[in-house]
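I opened this entry to look up one lysine and then the pockets. My notes follow in the order I made them.

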Amino acid sequence: MNAIEKYSAWLDHSARRGLDQPRNQLAYTTLSADHAGIVTAVLAEAGQVVEAGSPIMTVARTDALDAVVALPEQKRLGLEVMAARATLWGGPDRPYALTLREISPDVDAASRTYTARFTIEAPDTALSLGRTLTVHLSP
């Protein structure tokens, strides 16, 4: 390999390395989520400069729906062993099975209730984010 070929190879290598950093930075300009869903909050303005890795939007999953319930203290005790189902307000009278996912250990100071989150088993197209459900608990 003569000097011109060596210089040409070095120049080609340098040019490729010079493109690596801009390509990497360009990847940070693409917004992506790790799951499909609905945008529920936009945390930045158009044209705003943000740091790499900063959250820009909040996305709610649509493949797994939760029912969030404010429970009075007397209903909180024994909730783990109760059967739970829900019906949709203003919709078909179809019961949806619920599975308790989480109970907040903290009481809401204003309402004196505990927040419980139930996963809705087998949601159908009648359910969507923000719909109102009536939750029924039975021992």
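I started with K6, which sits in helix α1, residues 3–27. The model is a predicted one, and I kept that in mind throughout.

I then asked whether K6 is buried or exposed. Its relative accessibility is 51%, and K6 therefore counts as exposed, the cut-off being over 50%.

I also looked up a distance from K6. T62 lies 56 residues away along the chain, and the C-alpha atoms of K6 and T62 are 56 Å apart.

Next I turned to the pockets. The largest pocket holds about 550 Å³ of space. I found 21 residues in its lining, and those nearest the centre are Y28, T30, L31, S54 and I56. Which strands supply at least two residues each to this lining? I noted β1 (37–42) and β2 (57–61). By residue class, the lining of the largest pocket has 13 nonpolar, six polar and two charged members.

For the second largest pocket I noted about 270 Å³ of space. It is lined by 17 residues, with D66, A67, V68, R131 and L133 closest to its centre. Strands β3 (66–72) and β7 (133–138) each give at least two residues to the lining of this second pocket. I checked which element contributes the largest share there. That is β3, with five residues. I sorted the lining of the second largest pocket by class as well, and got 11 nonpolar, four polar and two charged residues.

Technical notes
Residues are numbered from 1 along each chain as its sequence is written. This is a predicted model: local features need pLDDT of at least 70, side-chain atom pairs count only at pLDDT 80 or more; totals for chains, interfaces and linings use all residues. Side-chain values use heavy atoms; hydrogens and water are left out. On a 1 Å grid over the protein atoms alone, a cavity is a set of points where a 1.4 Å probe fits but cannot get out, and a pocket is an open set with protein on both sides within 12 Å along at least five of seven lines; lining residues have an atom within 4 Å of a point. Grid points are joined across faces, edges and corners, and a volume is the space filled by probe spheres set on the points. Helices (H or I, at least four residues) and strands (E, at least two) are DSSP runs, numbered from the N terminus. Ala, Val, Leu, Ile, Met, Phe, Trp, Tyr, Cys and Pro count as nonpolar, Asp, Glu, Lys and Arg as charged, and the others, Gly among them, as polar. Buried means under 20% relative accessible area, exposed over 50%, partly exposed in between (1.4 Å probe, protein chains only).
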